[in-house]
Amino acid sequence: MMASRPVAIAGIGCLCAAGLSLPECMNTLYAGRRQPAPPTRFTFDQPYAFPVFEIPDTGFLPERVKDTRVLRTAQLALTAAVEALTNAGLTTGQLKNINVGVCIGTNVGSAMNNEAFYRDTIEGCDPYISPVDRFQMTNPTHCIAAEFELGGPCQTVVNACSAGSDALGLAASWIRSGVCDAVIAGGADELYRVTYTGFKSLFINDKSPCKPFDAERNGLNLGEGAAVFILVADKLLHDLNLAPRGVILGYGSASDAFHFTKPRPDGRGLILALEEALAESGVSASDIAFINAHGTGTRDNDLIESRVLNTLFPGVPFLSTKGYTGHTLGASGAIEAAFTIACLNKGQVPSCIGFRSPDPDLPAAPVDKNTSIKGWAAISETLAFGGNNAVLILGTGEAPP
């Protein structure tokens, strides 16, 4: 495969439990802080509350966002999009003169079912809006396109926990093929009672803060958040004199075809996705400065990831940032891609918080302290239910040595 040309990232916005902007998030990561707690936004009939990473109900929806009726996932996406535009130095007026698409990955945010809507229906009340209107208001892609009055293609990616990474990979292909001059792309998801209780039924939640790759790891913590990127074509980057924050070099996607929730034991799907991303990027394993692993803290995921990374990238530093954010589901790939770009530009990765004791069954262990890195490219990978594997290779935008 011939390497594809890099796609410029003009701006990035991010919010999650670690912070309400990308700089705030990175300060939290480098300081090694986290404060998961029982959920406060919904109730449940269970004796024990697993810790989650919630965002406080402040700091959302900047004043320029017009529609405050949209649901929480769309609010998160809109807030991250506004930060990304500001980071890029773009105005909403400039967007109206160019062909801008929107591509957002989500799980909760694209669902038509909503507890309040169905409860009102069952109890004989009149739901406050029709199902179609509710779906449109819930869909973060639609909300962004409507807010900024965009006329380009729109796509909502619902591909379990790889949705945010897949949305960025798809958006990059729109730029390369000339479908769009720019794309607002990323992922967003909120904490929701259905997903909270659903994960509990799988017995993969940790009763304490999660411990990715640790010998005593016992599951994940859920979280919420959003990250949005402004991807732009080279001509537009030049015409508007925009300074790139980084580039998408390559993207790979492959299915395990093994199990609804468990990753394939030999990691074959992840290996194929990594190989595809490397081939598309033209980057070799020796060029990779570090790897932002999926690292959920579950027994199976971390074991398989450690084995694959040790085989393909022996000695390359890696970590999981989910100990700072929780597992943000459809937003996780985009949030971790934002962190990856920020770490590349700083030349340092944070510690893999929660990791203390190496597991003798894992052939490779993550970094356990803030660690300097050298290089211009890094990997962000996501493993999802349904056997989905998505890999992004990201760069600083500088020419390779």
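This briefing walks through the cores, the cavity, the salt bridges and a few backbone details of the structure above. Keep in mind that the model is predicted. The largest nonpolar core has 82 residues, and a second, separate core has 35. There are twelve salt bridges in the structure, and one cavity of 30 Å³ or more turns up.

**Nonpolar cores**

- As background, nonpolar side chains in soluble globular proteins tend to be buried together.
- Which members of the 82-residue core touch the most other members? They are Phe229, Ile288, Phe290, Phe313 and Phe339.
- Helix 13, running over residues 332-346, gives this core its largest share, with nine residues.
- The second core stands apart from that one and counts Ala74, Ala80, Ala88 and Cys143 among its 35 residues.
- Back in the largest core, Phe313 is worth clicking on: setting aside neighbours within four places in sequence, Phe313 is in contact with Leu274, Leu278, Ala285, Ile288, Ile291, Val308 and Ile379.
- One of those partners, Ile288, is also on the list of residues that touch the most other core members.

**Helix 1 and what it packs against**

- Helix 1 covers residues 22-31, and its buried residues are Leu22, Cys25, Met26, Thr28, Leu29 and Tyr30.
- What do these buried residues pack against? Their partners are strand 1 (7-16), helix 2 (72-88), helix 12 (322-325), helix 13 and strand 11 (348-349).
- Right after helix 1 comes Gly32, with a positive phi near 70°.

**The cavity**

- Rolling a probe the size of a water molecule over the atoms shows where empty space is left.
- Here the largest cavity holds about 30 Å³ of space.
- Its lining is made up of Arg5, Pro6, Val7, Ile175, Val232, Ala233 and Asp234.
- Sorted by class, that lining comes to five nonpolar residues, two charged ones and no polar ones.

**Salt bridges**

- Side chains of opposite charge can pair when their charged atoms come close.
- Arg217 and Asp302 pair up through their side chains, at 3.9 Å from N to O. The two sit 85 residues apart and link distant parts of the chain, with Arg217 in the loop between helix 8 (193-201) and strand 6 (222-223) and Asp302 in helix 11 (residues 299-312).
- Is Arg217 buried or exposed? Arg217 counts as buried because its relative accessibility is 3%, under the 20% cut-off. Asp302 has 0% relative accessibility, so Asp302 counts as buried too.
- Lys235 and Asp239 make a salt bridge at 2.6 Å, N to O. Why are they about one helical turn apart? Because they are four residues apart in helix 9 (residues 234-239).
- For that pair, Lys235 counts as exposed at 61% relative accessibility, while Asp239, at 46%, counts as partly exposed.
- Asp266 bridges to Arg264, with the closest N and O atoms 2.7 Å apart. Both ends are partly exposed: Asp266 has 45% relative accessibility and Arg264 has 29%.
- Arg41, Asp57, Arg72 and Glu224 are joined into one network by salt bridges that share partners.

**Distances in sequence and in space**

- Glu276 sits in helix 10 (residues 268-281) and is partly exposed, at 31% relative accessibility.
- How far from Glu276 is Ala390 in space? The C-alpha atoms are 9.9 Å apart, with the two positions 114 residues apart in sequence numbering.
- Ile184 and Glu276 are 92 residues apart in sequence, and their C-alpha atoms are 24 Å apart in space.
- Ile184 belongs to strand 5 (residues 182-189) and counts as buried, at 1% relative accessibility.

**Backbone oddities**

- Most residues other than glycine have a negative phi, and most peptide bonds are trans.
- Phe213 is not a glycine, yet its phi is positive, near 65°. Phe213 lies in the loop between helix 8 and strand 6 and counts as buried, with 1% relative accessibility.
- Asn241 also has a positive phi without being a glycine, at about 55°. Look for Asn241 in the loop between helix 9 and strand 8 (246-255); at 69% relative accessibility, Asn241 counts as exposed.

Definitions and conventions. Residues are numbered from 1 along each chain as its sequence is written. This is a predicted model: local features need pLDDT of at least 70, side-chain atom pairs count only at pLDDT 80 or more; totals for chains, interfaces and linings use all residues. Side-chain values use heavy atoms; hydrogens and water are left out. A nonpolar core is a set of buried Ala, Val, Leu, Ile, Met, Phe, Trp, Tyr and Cys residues joined through side-chain atoms within 4.5 Å. Buried means under 20% relative accessible area, exposed over 50%, partly exposed in between (1.4 Å probe, protein chains only). Contact means heavy atoms within 4.5 Å. On a 1 Å grid over the protein atoms alone, a cavity is a set of points where a 1.4 Å probe fits but cannot get out, and a pocket is an open set with protein on both sides within 12 Å along at least five of seven lines; lining residues have an atom within 4 Å of a point. Grid points are joined across faces, edges and corners, and a volume is the space filled by probe spheres set on the points. Ala, Val, Leu, Ile, Met, Phe, Trp, Tyr, Cys and Pro count as nonpolar, Asp, Glu, Lys and Arg as charged, and the others, Gly among them, as polar. A salt bridge is a side-chain nitrogen of Lys or Arg within 4 Å of a carboxyl oxygen of Asp or Glu.
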